[in-house]
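User: I would like to learn how to read pockets and cores in a model. Can you take me through one case?

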Amino acid sequence: YVVLPDNSSIALATSTEILINYEPKRVSIEQLLGTTYHRVEALVTGASYEVKTAGTLASVRGTKFSVSYDNKKKKTRVAVTSHKVDIAPLDNIKAEATSTPKTLEEGMLVTLIDKPESTPQGAEQKREMVIQKMDTIPEEKKWLEENQKIDILIDKQRDGGDKRKVIKDLMQELKQETPQDSTKSQVIEKDRIQV
């Protein structure tokens, strides 16, 4: 987890790489690969929060959403669990949106895939954009459900103050809820004692 100074937070799945450029009124995240879940606090007027993958720009004002990027398949998925997210294909050379952003509503998921296309001028990369309901993509379902459980717990404890402590406590609680092989658990505890 990464908790930003404005109390927004990012959950990172394993094998995920991001670069964060944080300024008080502008958060820009470049997601190089993997899967993230963003909990963005309501932004003040003029502030921005955006996540870029190769070929996609997701920008928000205050919401909860997930971004997955497969750099081998050149595929980006964005799922919105709360509020709305603006999605636009991105020109990597110019680092700007190639079309008017589409607004993705709560409960929806967009998949953007780079497709090579032949034209009279030569080969070009076109981005195919498919919008569908979030629950129709099983490979995203487990990640989203896990983070939505955390959202519920964070919302219950929101008045508790320090978000870092809340997240740490929630992770402990979730680990206890996950059924584990008792032998494995004992080995982990033994290793912790030796360290």
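**Reading one helix residue, a pocket and two cores**

Analyst: Start with a single residue in this predicted model. Asp 151 lies in helix α1.

User: Is Asp 151 buried or exposed?

Analyst: Buried means under 20% relative accessible area. Asp 151 has 6%, so it counts as buried.

User: Which residues is Asp 151 in contact with, beyond its neighbours within four places in sequence?

Analyst: Tyr 37, Arg 39, Lys 64 and Thr 81. Take Arg 39: 112 residues separate it from Asp 151 in sequence, yet the C-alpha atoms are 8.3 Å apart.

User: How do I read a pocket?

Analyst: Rolling a probe the size of a water molecule over the atoms shows where empty space is left. Here, the second largest pocket holds about 220 Å³.

User: Which residues lie nearest the centre of the second largest pocket?

Analyst: Gly 34, Thr 35, Ser 68, Tyr 69 and Asp 70, out of 14 lining residues. By class, the lining has 6 polar, 5 charged and 3 nonpolar residues. Strands β4 (26–39), β7 (64–70) and β8 (75–82) each supply at least two of them, as does helix α1 (138–156).

User: And the largest nonpolar core: which residues have the most contacts inside it?

Analyst: Ile 29, Tyr 49, Phe 65, Val 78, Val 85 and Ile 87, in a core of 21 residues. Elements giving two or more residues to this core include β4, β7, β8 and β9 (84–91). A second core lies apart from it, with 8 residues, among them Ala 11, Tyr 37, Met 134 and Ile 137.

User: What does Val 85 touch?

Analyst: Leaving aside neighbours within four places in sequence, its contacts include Phe 65, Val 78, Val 80 and Leu 104.

Methods
Residues are numbered from 1 along each chain as its sequence is written. This is a predicted model: local features need pLDDT of at least 70, side-chain atom pairs count only at pLDDT 80 or more; totals for chains, interfaces and linings use all residues. Side-chain values use heavy atoms; hydrogens and water are left out. On a 1 Å grid over the protein atoms alone, a cavity is a set of points where a 1.4 Å probe fits but cannot get out, and a pocket is an open set with protein on both sides within 12 Å along at least five of seven lines; lining residues have an atom within 4 Å of a point. Grid points are joined across faces, edges and corners, and a volume is the space filled by probe spheres set on the points. Helices (H or I, at least four residues) and strands (E, at least two) are DSSP runs, numbered from the N terminus. Ala, Val, Leu, Ile, Met, Phe, Trp, Tyr, Cys and Pro count as nonpolar, Asp, Glu, Lys and Arg as charged, and the others, Gly among them, as polar. Buried means under 20% relative accessible area, exposed over 50%, partly exposed in between (1.4 Å probe, protein chains only). Contact means heavy atoms within 4.5 Å. A nonpolar core is a set of buried Ala, Val, Leu, Ile, Met, Phe, Trp, Tyr and Cys residues joined through side-chain atoms within 4.5 Å.
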